[in-house]
Amino acid sequence: MAISTLPLFIGGKAVFSSSGETFTNYRPMDGAVDREISLAGPDDVELAISVAQNAQEEWATVPGIERGRILLAAARIMRDRRQEIAEIETLDTGKPISETPYADVDSAIDALEFFGGIAMDMKGDFHDLGNGSMAYSIREPLGVCAGIGAWNYPLQIATWKSAPALAAGNAMIFKPSELTPLNAYTLAEIYREAGLPDGLFNVVQGMGQVGAILASHPGIDKLTFTGSVPTGKRVLEAAASTVKHTTMELGGKSPLIIFEDADLDNAVAAAMNANFYSQGEVCSNGTRVFVHASIRDMFLEKLVERTEKMVIGDPMAEETHVGALISEDHGEKVLSYVELGVQQGATLITGGERVEVPDMEGGFYMSPAVFAGCEDHMRICQEEIFGPVMSVLTFQDEKEVIKRANNTEFGLAAGLFTKDLARAHRVVRKLQAGSCWVNNYNLTPAGVPFGGSKQSGIGRENCARTLDHFSEIKSVYVELGDVESSY
Ligand code: NAD
């Protein structure tokens with residue numbers, strides 16, 4: 001992608017916006033200008049919708065096995081370009097290169113393979129109604145779907161949305177976050193090379209206004225959104241104007257519960273993954289870590305020792321564990337939460353400071369922060385910070401911790417550590433969360449549903465049922481006898 005202005009991708013080709021306007025993309029690692037990005041306007045969105053509508057009519061008639069084959073071909077191309085794509089993702093997000101080949105590119109490849117494999121399995125039901133009559137149902141694609149993405153997992157989000165949409169026979173118009181526009185374009189190139197007909201995957205770039213056009217447009221049949229709860233609410237309102245199908249993948253403030261019999265080393269490792277992976281910019285992070293009072297001191301000691309060994313630095317360096325936050329503004333917001341935690345009486349036991357990385361002056365780096373002595377009412381324990389800030393709370397018994405864990409408007413995820421499996425399953429049944437991990441955290445293998453309950457979202461991604469969210473049922477009643485007349 002050695003081009004100075006990144007175009008939009010509409011109708012199978014690179015196009016520049018009709019207005020000629022652009023916006024600037026910055027590299028989180030050092031704040032330098034990366035390139036200009038073509039800024040879509042209403043005309044470009046109209047064009048994308050109309051080419052998508054035309055292409056989708058034909059695509060809906062293609063057998064699932066053939067649709068799947070194209071996704072599998074895309075997976076192969078992505079695997080061949082894995083390292084290059086991971087580097088683009090690191091450049092665009094500031095996340096370390098030790099993560100992006102695995103958590104980003106492999107996860108996208110898995111989605112292409114998973115939905116490629118099940119595309120042929122879109123099927124309905126059969127009902128025997130007696131006397132030879134019957135009814136059956138058909139799963140039909142919805143039409144043109146719009147995907148709107150967040151900036152923390154740009155490629156994964158674009159693929160988790162487009163692969164099931166295309167597998168189910170839809171077209172997609174994808175708008176990545178304005179902060180991470182690059183790999184949606186790479187994905188479009190890959191789909192084209194894999195043989196996806198023109199017009200089925202389109203990329204429009206821009207800020208919230210571009211998303212807002214898609215959200216309310218009558219030509220969009222389904223909206224799948226990943227982002228924060230406040231934006232999600234606005235998007236849902238806009239989608240209501242045309243009663244669109246929606247999937248909402250929103251924010252969280254998830255609990256991670258460490259019982260007194262937990263394997264402490266594993267629990268510490270998971271708490272670190274659950275808070276510091278991708279600089280803590282992960283929606284499902286377990287940022288409220290409830291530790292049984294009897295093991296608190298041991299837990300904190302091990303946690304601090306390991307956290308202080310984390311390498312903060314150049315995201316392109318293999319040895320880096322903590323890269324750059326997405327932007328200066330976001331970094332300032334995260335640090336303001338650290339200040340707030342101290343003001344509200346929590347004890348900052350390590351980290352929470354801005355770090356200067358040599359030759360990366362314009363990037364925003366910080367040391368992973370651990371707060372002890374936290375209480376449920378503190379804002380650092382209630383609000384999504386979306387940075388490397390862990391709040392450790394203590395508890396005495398199971399009933400109490402379940403109640404406190406659930407005491408939030410969010411319901412994205414939860415985790416627990418215990419060797420007592422009866423307790424593990426008992427507690428899981430009571431946790432209000434879309435994903436629960438027992439003795440691990442934040443794993444999202446293809447095929448396992450992912451999504452939120454409560455205000456964390458609507459719908460599930462990454463699983464066979466996702467195809468249901470990208471299709472609808474048509475019921476067909478077939479009469480083989482005479483019509484019984486009521487008159
Ligand atoms: P955001 O809500 O600010 O923006 C998300 C997207 O919405 C962006 O593409 C943005 O341009 C667009 N947008 C903004 N205003 C809009 C409007 N009025 N209409 C339509 N689109 C609009 O979120 P963010 O800062 O990019 O991402 C961080 C958030 O995403 C966090 O809350 C995080 O938890 C959440 N997230 C959730 C998941 C999940 O799967 N549940 C995954 C990743 C991130």
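**The ligand shell and the chain around it**

Student: Which of the 28 residues around the ligand come nearest?

Tutor: This is a predicted model, in which local features need pLDDT of at least 70 and side-chain atom pairs count only at pLDDT 80 or more, while totals for chains, interfaces and linings use all residues. Residues are numbered from 1 along each chain as its sequence is written, and side-chain values use heavy atoms, with hydrogens and water left out. A residue is near the ligand if one of its heavy atoms lies within 4 Å of it. Of the 28 residues, those that come nearest are Gly149, Glu178, Ser228, Thr231 and Glu384.

Student: How far is an oxygen atom of the ligand from an N or O atom in the side chain of Glu249?

Tutor: A polar contact here is a pair of N or O atoms within 3.5 Å. For the side chain of Trp151, the distance to a ligand oxygen is 2.9 Å, and for that of Lys175 it is 2.9 Å. For the side chain of Glu249 the value is 3.1 Å.

Student: What percentage of the ligand's exposed area does the protein bury?

Tutor: Accessible areas come from the Shrake-Rupley method with a 1.4 Å probe. Taken alone, the ligand exposes 850 Å². Of that area, the protein buries 87%.

Student: Which helices and strand each supply at least two residues of the shell?

Tutor: Helices (H or I, at least four residues) and strands (E, at least two) are DSSP runs, numbered from the N terminus. The chain comes to 14 helices and 23 strands. Those that each supply at least two shell residues are helix 7 (208-216), strand 11 (222-226) and helix 8 (229-240).

Student: What is the radius of gyration of the chain?

Tutor: The radius is taken over C-alpha atoms, and the globule rule is 2.2 Å times the number of residues to the power 0.38. Because the chain has 487 residues, a compact globule would have a radius near 23 Å. The chain agrees with that, at 24 Å.

Note on methods:
Polar contact = N/O pair within 3.5 Å; in protein donor to acceptor, adjacent residues only side chain to side chain.
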